[in-house]
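Open the model in your viewer and keep the selection panel at hand. The stops below tell you what to pick next.

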Amino acid sequence: MAGTTITTVSTVGIYLTSASSNPVLISKTGGISVTSGLYALACNSTGFFVPGVFTVTNYGTVSNTAPSSFGITMTSGGKIANDGTIAETAANSFGVSLTGGGSVGNSVYGGVFTSFVYTHGNIEGSAAAVAI
């Protein structure tokens, strides 16, 4: 299975456009922590030969402290399973933005959406935590 696994903390934003980058896994030791730029993680599947959406499973921390920024943004929609932290605390910021639609599950277990709360995920944004 192809995909992207983030096991360390990146201090620069990550922009993914290739189908081979999908799905994305951010481990408990991994994350993205940036202080400037528009996004911490951006996924764009517009150019995929076979239409699809990105899937991101987060166990780590994704943050961007720049004003008017995004933690995770997906221009063609997507699915996010969050068991970590996605935090955007600067003015006019969004924790998650799925402009093409999609779904966000918070407090997941083993990457699977569940109605039982085994762990606690956290999504924050000064303008909105999640925008779909």
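Two strands count as paired if DSSP finds at least two bridges between them. Strands here are DSSP runs of at least two residues, numbered from the N terminus. Keep in mind that this is a predicted model.

**Whole chain**

Start with everything shown. The protein chain has 15 strands and zero helices. Of its 132 residues, 43% are buried. The accessible surface comes to about 6,400 Å², and carbon and sulfur atoms hold 58% of that. Now turn on contacts between residues at least 6 apart in sequence: 65% of them join residues at least 24 apart.

**Colour by pLDDT**

The mean pLDDT of the chain is 79, and 73% of the residues reach 70 or more. Select strand E2 (residues 9-10), which has the highest mean among the elements, 96. Then select strand E14 (residues 122-125), which has the lowest, 62. Next, pick residues 110-119. Here the pLDDT is below 50, yet the stretch has 17 contacts in the model beyond near neighbours in sequence. Where pLDDT is low, the predicted coordinates should not be read in detail.

**The open sheet**

Select E1, E4, E7, E10 and E13. These five strands form an open sheet in that order, with parallel pairing. Which strands stand at the edges? They are E1 (4-6) and E13; each has a single partner strand, so one side of each lacks a neighbour in the sheet. From one strand to the next, the twist averages 10°.

Step across the sheet from E4. E4 pairs with E7 over three bridges, in the parallel sense. Label Leu25: Thr57 in E7 stands opposite. Stay on Thr57 and look to the next strand, where Ala81 in E10 faces Thr57. E7 (residues 54-58) and E10 run parallel and are joined by five bridges.

Now isolate E10 (residues 78-82). Is this strand mostly covered or mostly open? It is mostly covered, with four of its five residues buried. Five bridges also link E10 to E13 (residues 102-106), again running parallel. Label Asn82 to see one such pair: the bridge partner in E13 is Asn106.

**The nonpolar core**

Show side chains for Val24, Leu41, Val56, Ile72, Met74 and Ile80. Within the largest nonpolar core, which has 19 residues, these six touch the most other members. Which strands supply at least two core residues each? E3 (14-16), E4 (24-26), E5 (31-34), E6 (39-43), E7, E9 (70-74) and E12 (94-98) do. E6 gives the largest share, three residues.

Centre on Met74. Setting aside neighbours within four places in sequence, Met74 contacts Cys43, Phe54, Val56, Lys79, Ile80, Ser97, Leu98, Thr99 and Gly100. Two of the core residues already on screen, Val56 and Ile80, are in that list.

**Last stop: Asn64**

Select Asn64, in strand E8 (residues 61-64). Is Asn64 buried or exposed? Its relative accessibility is 0%, so Asn64 counts as buried; the cut-off for buried is under 20%. Which residues surround this side of the chain? Beyond four places in sequence, Asn64 touches Val34, Thr35, Ser36, Gly37, Leu38, Tyr39, Ala40, Ser69, Phe70, Ala87, Glu88 and Thr89. Draw a distance from Asn64 to Gly37. They lie 27 residues apart along the chain, and their C-alpha atoms are separated by 7.9 Å.

Notes. Residues numbered from 1 in each chain as written. Predicted model: local features only at pLDDT ≥ 70, side-chain atom pairs only at ≥ 80, totals over all residues. Heavy atoms only, no water. Buried < 20%, exposed > 50% of the residue type's maximum accessible area, 1.4 Å probe, protein only. Core = buried A, V, L, I, M, F, W, Y, C linked by side-chain atoms within 4.5 Å. Contact = heavy atoms within 4.5 Å. pLDDT = per-residue confidence, 0-100. Areas by Shrake-Rupley, 256 points an atom, 1.4 Å probe, with all protein chains shown as cover. Axes fitted to C-alpha atoms, helices over the stretch in contact; angles between N-to-C directions.
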